[in-house]
Amino acid sequence: MFIITRNTSILYSIVFSLIIPLIGAANKVYGQPILTINCDASPKIALSPDGKRLLTGRYTVKIWDVETGREILHYPNIENTVASSVFSPDGRHIFTGSTGYVGQYWDMIAGEKIYSIETFTNTKDPRTVMSIHGITACDFTPDGSQLITGDSNGEVQLWDTATGKEIRRYEPRGYVQYIKISPDGKTFLKQDFSQAFLIDMETGEIINDFLSAYCSISKDWKYMLSNMGQCLRIFDINTGDEIQMFPLLPNVTKALAISPDGKYSIIGGVADQQEKVIANRRIFNNETGSEIRSYTTSLEVEKNASNSVDSYLQFFPDGKRFLTVNGSNIHIWDISDLTSGVKSFDSLDQ
């Protein structure tokens with residue numbers, strides 16, 4: 001990878017914004033997901049660490065087998081609407097954050113709630129609370145002993161998972177869209193509406209900050225993928241350097257994901273009512289900056305989607321599949337041929 005300056009980045013953005021649409025049109029491939037799961041509209045999603053189980057949450061929480069699409073467990077006793085969710089590192093527990101600034105810690109196998117927590121926002125005068133979306137982001141430490149939560153009023157708190165007691169509270173900084181703890185448990189990444197912050201877990205000190213509207217980080221904690229304006233950017237999370245930039249097509253969603261090994265990026269699609277397709281789902285090679293695939297699905301495939309926009313993307317832990325969330329549809333896509341030089345989804349073509 002090479003390092004580019006911000007001024008160079010702007011110039012590339014202008015030039016490539018004229019070229020990329022032509023490239024995308026030339027490479028358009030129609031495809032089908034290998035599996036579709038239908039659930040509550042716009043669910044919050046979590047994948048188990050082994051990639052075998054999928055959690056969906058909104059008005060209820062369900063656990064699915066991602067090989068068969070079969071529902072395995074159903075947790076009906078949810079407090080308010082689910083706003084975030086995560087599996088514990090060992091896959092035995094889950095945490096769900098709700099719109100009421102309340103979170104629930106569950107035994108995943110038994111489907112039983114162990115305890116509930118309330119964020120600091122719940123203690124405030126409601127007139128001072130700017131947003132009511134609740135616990136909007138959460139993650140476990142690598143050993144599962146602690147849990148971090150971020151809410152829509154900016155509060156970030158660290159919890160002891162054995163007791164459900166608060167360990168530490170961090171300085172609030174805006175609506176928390178995304179939060180992730182590093183593999184060594186020493187730092188975490190937090191995204192608000194316009195910036196992402198790399199923060200020291202122990203002191204709360206900001207180590208790096210990035211202009212970003214939405215972000216995703218690679219499993220090895222080297223690269224951060226960021227969507228800002230009309231460009232997709234990759235940063236070195238440790239140095240703060242911008243190392244790659246991809247200009248985006250107009251009307252793309254904020255949904256994006258970076259592969260576990262940091263080699264690929266995916267951005268979400270939107271509806272093209274004239275062509276009757278979901279367009280602009282695109283895969284990039286992060287090393288070269290080139291687009292690998294630009295593919296679509298027909299609106300018929302997306303018939304259960306309320307808004308026909310990808311609201312969420314996530315790679316599976318092995319990097320061979322990814323999922324998209326579109327309305328009440330969760331599509332799972334096979335990309336295991338990426339490293340073999342196959343140009344398109346030949347086995348999925350309509």
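The following paragraphs describe the nonpolar cores of this predicted model and two residues with unusual backbone angles. Residues are numbered from 1 along each chain as its sequence is written, and side-chain values use heavy atoms, with hydrogens and water left out. Because the model is predicted, local features need pLDDT of at least 70 and side-chain atom pairs count only at pLDDT 80 or more, while totals for chains, interfaces and linings use all residues.

A nonpolar core here is a set of buried Ala, Val, Leu, Ile, Met, Phe, Trp, Tyr and Cys residues joined through side-chain atoms within 4.5 Å. Buried means under 20% relative accessible area, exposed over 50%, and partly exposed in between, with a 1.4 Å probe and protein chains only. The largest nonpolar core has 21 residues, of which Leu189, Met224, Leu232 and Ile237 touch the most other members. At least two residues of this core come from each of strands E17 (195-200), E19 (214-217), E20 (223-228), E21 (231-236), E22 (242-247) and E23 (256-258). Strands (E, at least two residues) and helices (H or I, at least four) are DSSP runs, numbered from the N terminus. A second, separate core of 13 residues includes Ile37, Cys39, Ile45 and Trp64.

Leaving out residues up to four places away in sequence, Ile237 touches Leu189, Leu198, Asn208, Phe210, Ile217, Trp221, Lys222, Tyr223 and Met224; contact means heavy atoms within 4.5 Å.

Most residues other than glycine have a negative phi. Trp221, in the loop between E19 and E20, has a positive phi of about 65 degrees and is buried, with a relative accessible area of 9%. Tyr101 has a positive phi of about 60 degrees and is found in the loop between strand E8 (93-98) and strand E9 (102-107). Tyr101 counts as buried because its relative accessibility is 6%.
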